[in-house]
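Subject: A structure for you to look at

Hello,

Here is the structure I promised to pass on. Please open it alongside this message, and my notes on what turned up follow below.

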Amino acid sequence: MNHNGELTHCVRGHEFTEENTYRDPKGHQRSCKECRRILGRGYNNTIERIAYKLLWNANNQDKRKYTERKGWLKPQGWTPEAFDNALVEQKNRCAICNTKFTKKNKPQADHKHVLPPKPRGLLCGNCNFGIGNLKEDEEILQNAIAYLRKHSL
């Protein structure tokens, strides 16, 4: 994905022209030749990376959110579209305890731990943590239910 393909100027204000644009060997990203010349080997120093990321993030809020979500959802077998659909289907609530999702209680994309991972539903952090700690094992979960019933006097 070309993260800066729509920008007309680099972070220091140099225009992206054919003569002033360097493209990486894979053609995924571009950078300003003038900045590369000025900075030399220091181009990737921390301050320059932070400045570039801040500018890119400010100009690409929608793209950034989608890219970030896609990045953490994909390894779990989810897509942003499937996540949004599950959120609507579950009425913005946890699939186990029915707690409403909020900014502090964000939905967790639950998945079956197989290859490839299979999405199951959206859970609150407590429920996701709970089934994870009980090793997603039905017998252990049944034992926990029996234990709670026994001691619910």
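Let me begin with the largest nonpolar core, which has 12 residues: Leu-73, Trp-78, Phe-83, Ala-86, Cys-94, Phe-101, Ala-109, Leu-122, Leu-123, Cys-124, Cys-127 and Ile-131. At least two residues of this core come from each of helix 4 (80-89), strand 4 and helix 5. There is also a second, separate core of 6 residues, with Leu-7, Phe-16, Cys-32 and Trp-56 among them. In soluble globular proteins, nonpolar side chains tend to be buried together.

Please bear in mind that this is a predicted model. Mean pLDDT for the chain is 83, and 83% of its residues reach 70 or more. Among the elements, strand 4 has the highest mean pLDDT, at 96, while helix 3 (residues 61-73) has the lowest, at 68. Where pLDDT is low, the predicted coordinates should not be read in detail.

For orientation, the chain contains 6 helices and 4 strands. Read from the N terminus, the order of elements is β-β-α-α-α-α-β-β-α-α. Of the 153 residues, 22% are buried. The accessible surface amounts to about 11,500 Å², and carbon and sulfur atoms account for 54% of that. If you take the contacts between residues at least 6 apart in sequence, 39% of them join residues at least 24 apart.

Now to the cysteines, which I think you will enjoy. How many disulfides does the chain have? The count is 0. Cys-94 is in no disulfide, since the nearest cysteine sulfur, in Cys-127, is 3.7 Å away and a disulfide requires the two sulfur atoms to be within 2.5 Å. Cys-97 has its closest cysteine sulfur in Cys-124, at 3.7 Å, and that is too far for a bond. As for surroundings, Cys-94 is buried, with a relative accessible area of 3%, whereas Cys-97 is partly exposed at 36%. Cys-124 itself touches Cys-94, Cys-97, Phe-101, Asn-105, Lys-106 and Gln-108, leaving aside residues up to four places away in sequence. Cys-94, Cys-124 and Cys-127 also belong to the largest nonpolar core.

The charged side chains are worth a look as well. Side chains of opposite charge can pair when their charged atoms come close. Which residues do so here? A search of the whole structure finds 2 salt bridges. In one of them, Arg-120 pairs with Asp-110, with 2.8 Å between the closest N and O atoms. This pair links strand 4 (residues 118-123), which holds Arg-120, to strand 3 (residues 108-112), which holds Asp-110; the two residues are 10 apart in sequence. Arg-120 is partly exposed, at 42% relative accessibility, but Asp-110 is buried, at 7%.

Arg-120 also meets the side chain of Glu-136 in a salt bridge, at 3.0 Å from N to O. Here strand 4 is linked to the loop between helix 5 (125-133) and helix 6 (138-150), where Glu-136 lies, 16 residues from Arg-120. Glu-136 is partly exposed, with a relative accessible area of 29%. Through shared partners, the salt bridges join Asp-110, Arg-120 and Glu-136 into one network.

If you would like a place to start, try Arg-120, which forms salt bridges with Asp-110 and Glu-136.

Best wishes

Conventions: Residues are numbered from 1 along each chain as its sequence is written. This is a predicted model: local features need pLDDT of at least 70, side-chain atom pairs count only at pLDDT 80 or more; totals for chains, interfaces and linings use all residues. Side-chain values use heavy atoms; hydrogens and water are left out. Buried means under 20% relative accessible area, exposed over 50%, partly exposed in between (1.4 Å probe, protein chains only). Contact means heavy atoms within 4.5 Å. Accessible areas come from the Shrake-Rupley method with a 1.4 Å probe; for residues, only the protein chains shown count as cover. A salt bridge is a side-chain nitrogen of Lys or Arg within 4 Å of a carboxyl oxygen of Asp or Glu. pLDDT is the predictor's confidence in each residue, from 0 to 100. A nonpolar core is a set of buried Ala, Val, Leu, Ile, Met, Phe, Trp, Tyr and Cys residues joined through side-chain atoms within 4.5 Å.
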